[in-house]
Amino acid sequence: MKIGIIGSGHVGLVTGACFAHLGHEVICVDQDSRKIALLKKGKPPIYEPGLREMIQTHLRERRLSFTSEIATAVRRSEILFVCVGTPPKDNGEADLTAVENVSREIARTMTSYRLVVDKSTVPVETGEWVRRTIEANRRRRVDFDVASNPEFLREGSAIRDFLYPDRVVIGVASKRAEKTLKDLYRPLTAPILVTDIKSAELIKHASNSFLAAKISFINMIARMCEAVGADVERVAEGIGLDKRIGRSFLNAGIGFGGFCFPKDLGAFIRIGERLGVDVTLLRSVLEINDTQKKAFVEKIRKQMWNLKGKTIGILGLAFKPDTDDMRFAPSLDVVRALLAEGVSLRLYDPQAMGEARRILKKGTFVRSPYEAARGADALAVLTEWQEFIEIDFKRIRKLMHRPILFDGRNMYDPERLKKLGFQYYAIGR
Ligand code: UGA
């Protein structure tokens, strides 16, 4: 099939590359012509494991191409996936300007049937607005369908998530759209759930909110564990073995971040308010997440007395491992709070150094975990990179001024670290 992807951000690029991988002819659009120039050379502007190789292969085999002209993609492709950004406005609501602009552009350019599929995370009822916008702007009475096909890709494992999903959700209003999308996803062998458009839109926000709620729930339990001397890892295991609950997304830590959970929860809260639904539950999820980061800084202060003038090595800045994404990273809150207290920071991340330097501007950026530890009064782990599991702690201990370790991601065995001579503080254990 001929597919146009409008918006070549993380979701758009992964979707485009994976559809090309499944044998389709894909053209990806972005208004940023510098980004398109890089992509034409096979250089994605983001780090996502496997993406660069996939793009290069399909560019070479001419299944994948890039353009900054949306009209080119609309002319060439029968199916158009809208993957543009829906950033938060000041009041938390999603800004849908890009979705509206793209809908209008599609309407003005299309000369025969097009299936317009929304993949961007949008509030419920956006599909209806897209339909109205296209209807009002199409040149002749060109036929079209609108559909919703939410993505459930995690940064860092997005290609695997695309090719081996738990489910594919398609929200449609016509048999023709249903058949096209079912045919498109059939090779994935995942269950395909067909719903109306509004239900599909709600599934996306509800899924992210539920996962975020699991994280805040376990972080609340972690505080109880700390208060009584229990171990949150054992508690998570104990409740997670119940198949109705499940163990995943019950990892206590310094909270969730990234461009999805915080923004989607904020937007979902606004939707609930608009619909007159009580969303106290969702507000609590955000509130626990916020105080979780503050509690971590307090934990550091409690063990180190005055923070001013102390040196702390920071391991991990990206909002999660296997990405260079720093947007809404919990590390930013922790690092900023420590800098505000007059702490000297030695910062290290395997991928996100460039981004971190650009955002933070302060602190000493170093090239390895060992450099971060050199002369430090304490070390704080903020992202659970595999590289940090393999650290030589004997070497780290020798490099540090004082061997204190704050583990914000419960990465290590407390007994082992204590045996190695560390004062070890984790979350909820
Ligand atoms: C999330 C969802 O998992 C995807 O299904 C969804 O498609 C995506 O948002 C999106 O809406 O585009 P992502 O933000 O890439 O994906 O990352 P996650 O792996 O879900 O992690 C989010 C945050 O939660 C990270 O900061 C992570 O450290 C934190 N987290 C996750 C925990 O603190 N504990 C856990 O047990 C799991």
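## Two domains and a bound ligand

The C-alpha centres of domain 1 and domain 2 lie 38 Å apart. The structure is a predicted model, and the values below were computed from it. According to the domain assignment of the chain, domain 1 covers residues 2–195 and domain 2 covers residues 286–425.

### The interface between the domains

Six residues of domain 1 and nine residues of domain 2 take part in the contact. The size of an interface is often expressed as the accessible area that is lost when the parts come together. Here, domain 1 and domain 2 bury about 620 Å² between them, and carbon and sulfur atoms account for 47% of that area.

On the side of domain 1, three residues stand out: Tyr 47, Glu 155 and Gly 156 provide 81% of the area that this domain buries against domain 2, more than any other three residues.

The rule finds one salt bridge across the interface of domain 1 and domain 2. Glu 155 forms a salt bridge with Arg 327, and the closest N and O atoms of this pair are 3.7 Å apart. This distance meets the criterion, because a side-chain nitrogen of Lys or Arg must lie within 4 Å of a carboxyl oxygen of Asp or Glu. In addition, two residue pairs are in polar contact between domain 1 and domain 2, both at pLDDT 80 or more. The side of domain 1 that touches domain 2 consists of three nonpolar residues, one polar residue and two charged residues.

### The ligand and its surroundings

Which residues come nearest to the ligand? Of the 20 residues around the ligand, these are Glu 151, Glu 155, Lys 204, Asn 208 and Lys 320. The table lists distances from an oxygen atom of the ligand to polar atoms of three residues, namely Glu 151, Glu 155 and Arg 409.

| Residue | Part of the residue | Distance to a ligand oxygen atom |
|---|---|---|
| Glu 151 | N or O atom in the side chain | 2.8 Å |
| Glu 155 | polar backbone atom | 2.7 Å |
| Arg 409 | polar side-chain atom | 3.4 Å |

Taken alone, the ligand exposes 710 Å², and the protein buries 93% of that area.

Glu 155 thus appears in both parts of this report: Glu 155 pairs with Arg 327 in a salt bridge, and a polar backbone atom of Glu 155 lies 2.7 Å from an oxygen atom of the ligand.

How values were computed: Residues are numbered from 1 along each chain as its sequence is written. This is a predicted model: local features need pLDDT of at least 70, side-chain atom pairs count only at pLDDT 80 or more; totals for chains, interfaces and linings use all residues. Side-chain values use heavy atoms; hydrogens and water are left out. Domain bounds come from an automatic or database domain assignment. Contact means heavy atoms within 4.5 Å. Buried area is the accessible area (1.4 Å probe) that two parts lose on being put together, summed over both. A polar contact is a pair of N or O atoms within 3.5 Å; within protein, one must be able to donate a hydrogen and the other to accept it, and residues adjacent in sequence count only if both atoms are side-chain atoms. Ala, Val, Leu, Ile, Met, Phe, Trp, Tyr, Cys and Pro count as nonpolar, Asp, Glu, Lys and Arg as charged, and the others, Gly among them, as polar. A residue is near a molecule or strand if one of its heavy atoms lies within 4 Å of it. Accessible areas come from the Shrake-Rupley method with a 1.4 Å probe; for residues, only the protein chains shown count as cover.
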